[in-house]
Amino acid sequence: MKNTFEVKEFDSIISNPDYKDLGNYKYLEKDKFENLITFIHEFATSKNNEDVLKFMRISYKRNIGEIISIRNYVGLIQLKDGFQIQILPKIFFLRNINDNNNVTKKIFIKMLKSLKNFPSKIFNESSLKIENMNLYEIFINMYIQEVNCLVKKGLKSAYINKQNNLNFYKGKLLSTKNLRENIVHKERFYVSYEEFQINRSENKLIKSTLLKLQKITNSFSNSKEIKLLLSYFEKVTPSKNFDKDFSKVIIDRNTKDYKTLMQWSNVFLKNKSFSTFSGCTKSRALLFPMETIYESYVAKELKKYFLPSGWNISTQDKGKYLFNEPQNRFAIKPDIVIKKENRIIILDTKWKNLIGNENKNYGISQSDMYQMYAYSKKYNTAEIWLLYPINSEMQNHTPIKYCSKDQTTVNIHFIDLLNIEENLIQLRNKIEKP
């Protein structure tokens with residue numbers, strides 16, 4: 001990982017050595033820093049991409065110079081020269097842990113797997129030496145594990161249309177070509193026919209992906225596994241036109257085992273990303289919004305401990321609007337709605353660190369509270385819970401609750417991502433307490 005620069009959310013990157021590692025400043029050599037600036041400008045001006053400035057902001061401070069501030073996107077950026085910038089979430093641990101970012105990385109991977117559109121449900125991090133791998137190598141390993149799973153089930157075959165000049169007749173005679181090619185050789189037939197074989201578009205794309213990953217991986221174990229997998233694709237020709245082959249991919253009951261692999265192949269072959277950032281140059285970006293990851297992870301984990309207690313759980317609940325005339329306008333979608341008998345409770349996740357200052361409402365935004373009040377009235381419930389990640393300022397704080405005179409109560413609960421099982425059981429006990 002010598003070629004990897006590791007930072008966390010909300011860190012600031014500078015190239016002035018006089019302020020090296022001071023506070024939240026992370027020092028990056030000037031040439032790498034300038035390459036990162038170039039990356040930001042390239043992606044910010046691309047019409048096909050979300051504005052990269054939403055996750056990286058360039059500013060200037062007297063004496064320090066240019067500053068790149070990381071916002072709440074996490075993942076990995078690979079610059080044109082191959083240099084990688086790994087951005088990890090800022091996670092607080094209630095007990096002292098000799099982390100070195102490895103525990104953070106494991107929690108982050110676990111959180112990523114909760115995303116509905118994140119294509120790796122079989123990934124087994126316990127089989128990896130995660131401390132020796134950056135995020136890109138981990139994503140490569142995820143792809144390898146998906147291909148391994150496919151190979152065990154068997155590569156799918158399909159009828160492939162072929163044209164050839166044969167010594168025997170089969171399929172359909174191509175009259176024009178036959179006349180041109182066989183005017184002398186009357187014993188031959190230029191024909192079109194179909195063969196049932198594994199050289200279909202999906203397998204071509206997978207082979208192309210494996211060949212690309214074989215070139216860019218720096219992990220010996222990844223390289224070894226790719227070499228083994230390629231032996232299963234000997235009869236498959238690599239894709240020569242990615243867009244054309246992707247257009248031929250149809251995921252149905254027969255090819256459902258290819259669904260996640262096609263998502264991964266699109267990422268690797270076309271330098272796409274699971275976010276809306278995509279690489280139009282030699283730079284690559286695999287970036288994820290932490291608000292979405294946090295919401296998805298908490299919702300998934302919450303189901304494990306609330307469903308057995310008889311709670312009905314709905315995520316991103318639909319069907320409610322602030323105004324119903326004309327024709328339902330301004331939809332509202334709480335992150336999580338739980339119901340049991342006559343009780344309805346709204347739970348909303350917020351990936352934001354609160355502050356220990358009651359006079360500043362602990363950093364809770366007014367717009368968030370307006371939102372919670374609207375949920376209360378539209379769902380006809382007094383019970384609202386805001387779920388924030390735990391941090392150093394709030395770890396020993398007394399319970400926080402806001403009550404209105406018209407019976408809306410907003411409770412604050414802090415999520416401990418390292419001990420989420422115990423934490424969500426505590427939340428369930430608070431909610432179910434008579």
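This passage looks at how two pairs of helices pack and how some aromatic rings pair up in a predicted model.

Helix packing comes first. Two packed helices are described by the angle between their axes and the distance between the axes. For helix α3 and helix α8, the axes come within 10 Å and cross at roughly 145°. The crossing itself is left-handed. On the α3 side, the contact is made by Tyr136, Phe139, Ile140, Met142, Tyr143, Glu146, Val147 and Leu150, and these meet Thr260, Leu261, Trp264, Ser265 and Phe268 in α8. Sorted by character, the residues of this contact come out as 10 nonpolar, 2 polar and 1 charged.

The aromatic rings take the story further. There are 10 aromatic pairs in the structure. One of them joins Tyr136 and Phe268, with 5.7 Å from centre to centre and 90° between the planes, so this pair counts as edge-to-face, the label for planes over 60 degrees apart. Tyr136 sits in helix α3 (residues 135–153) and Phe268 in helix α8 (residues 259–269), so to speak a link between distant parts of the chain, 132 residues apart. Both Tyr136 and Phe268 are buried. These two rings also belong to a cluster, in which ring pairs link Phe108, Tyr136, Phe139, Tyr143, Trp264, Phe268 and Phe288.

Another edge-to-face pair is formed by Tyr169 and Phe189, at 5.6 Å centre to centre and again with 90° between the planes. Here too, distant parts of the chain are linked: Tyr169 lies in the loop between β8 (158–166) and β9 (172–173), while Phe189 belongs to strand β10 (residues 189–197), 20 residues apart. What about exposure to the surroundings? Tyr169 has a relative accessibility of 46%, so this residue counts as partly exposed. Phe189, with a relative accessible area of 26%, is partly exposed as well.

Back to helices, with α5 and α6 next. Helix α5 (residues 201–216) packs against helix α6 (residues 220–230) at an angle of about 150°, and their axes are 10 Å apart. Angles over 145 degrees count as roughly antiparallel, and therefore α5 and α6 are roughly antiparallel to each other. Their crossing is left-handed. In this contact, Lys207, Leu210, Leu211, Leu213 and Gln214 of α5 meet Ile226, Lys227, Leu229 and Leu230 of α6. The tally for the contact of α5 with α6 is 6 nonpolar, 1 polar and 2 charged residues.

Terms used. Residues are numbered from 1 along each chain as its sequence is written. This is a predicted model: local features need pLDDT of at least 70, side-chain atom pairs count only at pLDDT 80 or more; totals for chains, interfaces and linings use all residues. Side-chain values use heavy atoms; hydrogens and water are left out. Axes are lines fitted to C-alpha atoms, for helices over the stretch in contact, and angles run from 0 to 180 degrees between N-to-C directions. Helices (H or I, at least four residues) and strands (E, at least two) are DSSP runs, numbered from the N terminus. Angles under 35 degrees count as roughly parallel, over 145 as roughly antiparallel, 65 to 115 as roughly perpendicular and the rest as oblique. A crossing is left-handed if the near helix is turned anticlockwise from the far one by less than a right angle, and right-handed if clockwise. Contact means heavy atoms within 4.5 Å. Ala, Val, Leu, Ile, Met, Phe, Trp, Tyr, Cys and Pro count as nonpolar, Asp, Glu, Lys and Arg as charged, and the others, Gly among them, as polar. Rings of Phe, Tyr and Trp (its six-membered ring) pair if their centres lie within 6.5 Å; planes under 30 degrees apart count as stacked, over 60 as edge-to-face and the rest as tilted. Buried means under 20% relative accessible area, exposed over 50%, partly exposed in between (1.4 Å probe, protein chains only).
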